[in-house]
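Q: Got a minute to go through a structure with me? I'd like to chat about how its parts fit together.

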Amino acid sequence: MTKSKSLPSLIAVIDIGTHKTVGLVGQVIDGKARMLSFSERRTEGVVKGTVVDLEKLHNCVHEAVNDLERVAQRGIEEVYLTIAGPSVTGERVKGFVAVPAHDGKVTIKDFKEAMQSAKRLEPPEGRATILYMRQPTMLDGKGVENPVGLQGKRLEVNFWRVTMEEGNVRFRVKMINAMSIHVRDFILASHAAACALISEAEKLGGVLVIDFGAGTTDWILYFKGHILCAGSIPVGGEHLTNDLSVALRISRDTAEDLKVRFASAVHRENDANQTIWKDGDKGVGDQQFNRGTITQVTALRFQETLEFVRKDVLHQLEQIFPGHVMKLDQNFLPSGAILTGGTANLADAAEAGTTILGLPTRVGIPQFEKEAYRKPEYAGVIGMMKAAIEDAPPPVRRPQGVLAWLKDMFRF
Amino acid sequence: MEPNRAILLVGLGGAGCSIVARLAPSLPAEVKVALIDTDAAALVQANGRETIQLGRAQTRGMGTGGEVSVGTASAESEEPQLRRLFTGYALVVLVTGLGGGTGSGAAAFLATVATDAGATVLAYATIPFSHEGERRKRQASEALDKLGAKAHGLVTVQNDLLLLQVSKEAPLSESFAAADEWVGGALRALAGTFVPGALVPADPAAVRSILSTPGSPTLFTYGRGEGPGAALAAARAANECPLAHAPGATTKAASLFVAVTGGPTLSATEAFEAVAAVRMRFGGETTTLLCARVVADFGDRVEVAVLGASTPALKSLKKGKGTKPGEENQQIFGFATEDSIRRGLFGGTPLTFIDGQDVDVPTYIRRAVRLPVGP
């Protein structure tokens, strides 16, 4: 392990969600990550994953940065940001190269050329490329890990390209730059969460990670160690709250409270026999509700959202493997599905996931030194920190590896 | 008696006649066309369609020379003939260019005669280019006031607007072609809804009820889309149609009539999405009438035409409060309920559709699931 003589640089990550903005500052000392400060604030100005009030969001992020700097007692110079939500889309881009025939072996030059030809494709008008993620490389139609030195005729390089509305990207960068902080990189939120939750072995086998946040539900699918595809459904935990507030004619805050205390991802017959109290003191203004109403409303919404995810996954798979009938099952994804994000806290979430997705589902809880942060809602920020540590110099960046794609990111 | 579903498209004056003559070949056969002018030469374009020459006595077939009073007198002298023409139509669409003599002078009178004959009158008037001078402008605005008071619906288009829509080098014909496309497309879509065989047919009376009160500002827009997501694309195009963005144009209407025309692949959910997108932009809180029609040769093309008025027209149709989920009146297509009732905290935010459903509406409402009642 390289020991750095100067003060190790700070690594700061900020995850701006619909419900809350979570920031984390860490430091790598002697190859071991230390957490220096943590900040969590209610996000304002974001609805359904879309920024609706720039000023409010700006203030909110500014305060989060102030929190982080105050506790860490050092200024932050650069941050990693997550991106998620409806303005982020991904698509597969391909690059080809015909391997020169003199010896028929793929050289590094051929490989690079193929990669460049994939990246040469312009993103659609008004969208900026955020990052490229490596997908399986094909040599004469067969998937290979590293084609260099192999015999073949036609080399095909695939990337999952993530693009975002240009204005949205610019706004984020400006917002951070306004605090004299540099945006080091963007990380796809669902990928960040996955980094905290799954092992390399699980990625190799195939796994679906669903980040059920407050405003959006983002999913990402790993297959044979690569990101195969990712997507976002503009429905999240806020919708559960909203449905409860509509059904029970109660305020948003009351609905949120009841959701946390009584909601479930599965509706059971005997829920209807339970009566619950809003405040619990049975005093003036306290109301009683049928628990069955609450579980019915939330279960329907939760299951429907997973159903949307399932359809979206299948839809994208059909585009990647045209002509194949795709099925989500354990043969395809041996490691099943992992639910994370704030809404994964819902009771029986894993059970509902298993039923709807047809995959063994578990709730993903990030492994973290402090127990208070071992919650699904922190998977994003913790995973991002993990990814950032692997990316950040020093120590010297690894030239190849899972996070090699980080190198290819769009720089500002 | 068979309900009266006929539509008459009338071009009045030089500009009106030329617009209508250009449009006529592309209209469905059910739309009858008539040209009315003082200038005998203009009526030659009629190509065998019905024509009425106004003011033979006053102008001897030479046009009005831009005199409004001559135009009015010419029209009044032909009243019996006009009355005969308008009788028997449910909807009369009166297209005219204001500013000259015939259009400015006769439009209001024609609207009166048609209304008396029992037709709903939708007037479409163009306002002269600003470089055509003060006199034409004044005549146009006076005529507009009169026409607005007589016609059930009045759509105005600034000719200046046409200049903004096309590139500087574009030939003159191109800028007119753009305007024809909006008007013609909207008329085609409107006309189609009266034709028997529509998927969700419109009642002429319903259209009439939307435009019931003369003098109310009228919203009129049109858009088309092709390929996947054509319906939504068409709705977006309609939302952005310059007709709805002209200075002084109505941008919100309490009652909307949305005509969706598509090929055989048009699905109900697509039609839904289009209607909802249009409603997001224009309102339609009181009533939204949908008419969907499938035309075999449309392929994957979808056209959306919107007609709207702000005067409360129909009696407030069933609102969400009184209806049980899932029992909304079919014709109103479930969107007549207030945003805030169904979408709760998301009321007023942009709609998000998945599989043709507005996902901000609680799942239990969309699936009409009965919730366990009482504590």
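A: Sure. One term before we start: a salt bridge here is a side-chain nitrogen of Lys or Arg within 4 Å of a carboxyl oxygen of Asp or Glu. Also keep in mind that this is a predicted model.

Q: OK, so how many salt bridges are there between chain B and chain A?
A: Zero, going by that cut-off. Polar contacts do turn up there: seven residue pairs between chain B and chain A, with both residues at pLDDT 80 or more.

Q: And which elements of chain B give two or more residues to the side that touches chain A?
A: Helix H12 (339-343) and helix H13 (363-366) of chain B. H13(B) gives the most, with four residues.

Q: What's the split into nonpolar, polar and charged on that side of chain B?
A: You get 15 nonpolar, six polar and seven charged residues.

Q: How many residues does each chain put into the contact?
A: Chain A brings 28 residues and chain B brings 28 residues. The area buried between them is about 2100 Å², and carbon and sulfur atoms give 65% of that.

Q: Back to salt bridges, then. How many over all chains?
A: A search of the whole structure comes up with 25. One of them joins A:Lys20 to A:Glu377, where the closest N and O atoms are 4.0 Å apart.

Q: Where do A:Lys20 and A:Glu377 lie?
A: A:Lys20 is in strand S2 (residues 20-29) of chain A, while A:Glu377 is in the loop between strand S18 (361-363) and helix H10 (379-391) of chain A, so the pair ties together parts that are 357 residues apart in sequence.

Q: And what about A:Glu78, which residue does it form a salt bridge with?
A: A:Arg184, with 3.2 Å between the closest N and O atoms. That pair also links distant parts of the chain: A:Glu78 belongs to strand S6 (residues 78-83) of chain A and A:Arg184 to strand S11 (residues 182-188) of chain A, 106 residues apart.

Q: Switching to sheets. What's the strand order in the six-stranded open sheet of chain B?
A: S3-S2-S1-S4-S5-S6, with parallel pairing. Strand S3 (50-53) and strand S6 (153-158) of chain B each have a single partner strand, so one side of each is left without a neighbour in the sheet. Neighbouring strands are turned by 20° against each other on average, ignoring direction.

Q: Which helix packs on that sheet?
A: Helix H5 (residues 101-116) of chain B does, touching S1, S2, strand S4 (91-97) and strand S5 (120-127) of chain B. The direction of H5(B) makes about 170° with that of S4(B).

Q: How many bridges pair S1 with S2 in chain B?
A: Six, between strand S1 (residues 7-12) and strand S2 (residues 31-37) of chain B, in the parallel sense. Within that pairing, B:Leu9 stands opposite B:Val33 in S2(B).

Q: Now the open sheet of four strands in chain B: what's the order there?
A: S7-S10-S8-S9, and the pairing is mixed. The edges are strand S7 (218-225) and strand S9 (283-294) of chain B, each pairing on one side only. The twist averages 15° from one strand to the next.

Q: Do S8 and S10 of chain B run parallel or antiparallel?
A: Antiparallel: eight bridges join strand S8 (residues 253-262) to strand S10 (residues 302-309) of chain B. B:Thr261 stands opposite B:Glu303 in S10(B).

Q: Which strands does helix H11 of chain B lie across?
A: Helix H11 (residues 268-282) of chain B lies across S7, S8, S9 and S10 of chain B, at about 150° to S9(B).

Conventions
Residues are numbered from 1 along each chain as its sequence is written. Chains are lettered from A and ligands numbered from 1 in the order in which they are written. This is a predicted model: local features need pLDDT of at least 70, side-chain atom pairs count only at pLDDT 80 or more; totals for chains, interfaces and linings use all residues. Side-chain values use heavy atoms; hydrogens and water are left out. Contact means heavy atoms within 4.5 Å. Buried area is the accessible area (1.4 Å probe) that two parts lose on being put together, summed over both. A polar contact is a pair of N or O atoms within 3.5 Å; within protein, one must be able to donate a hydrogen and the other to accept it, and residues adjacent in sequence count only if both atoms are side-chain atoms. Ala, Val, Leu, Ile, Met, Phe, Trp, Tyr, Cys and Pro count as nonpolar, Asp, Glu, Lys and Arg as charged, and the others, Gly among them, as polar. Two strands pair if DSSP finds at least two bridges between them. Axes are lines fitted to C-alpha atoms, for helices over the stretch in contact, and angles run from 0 to 180 degrees between N-to-C directions.
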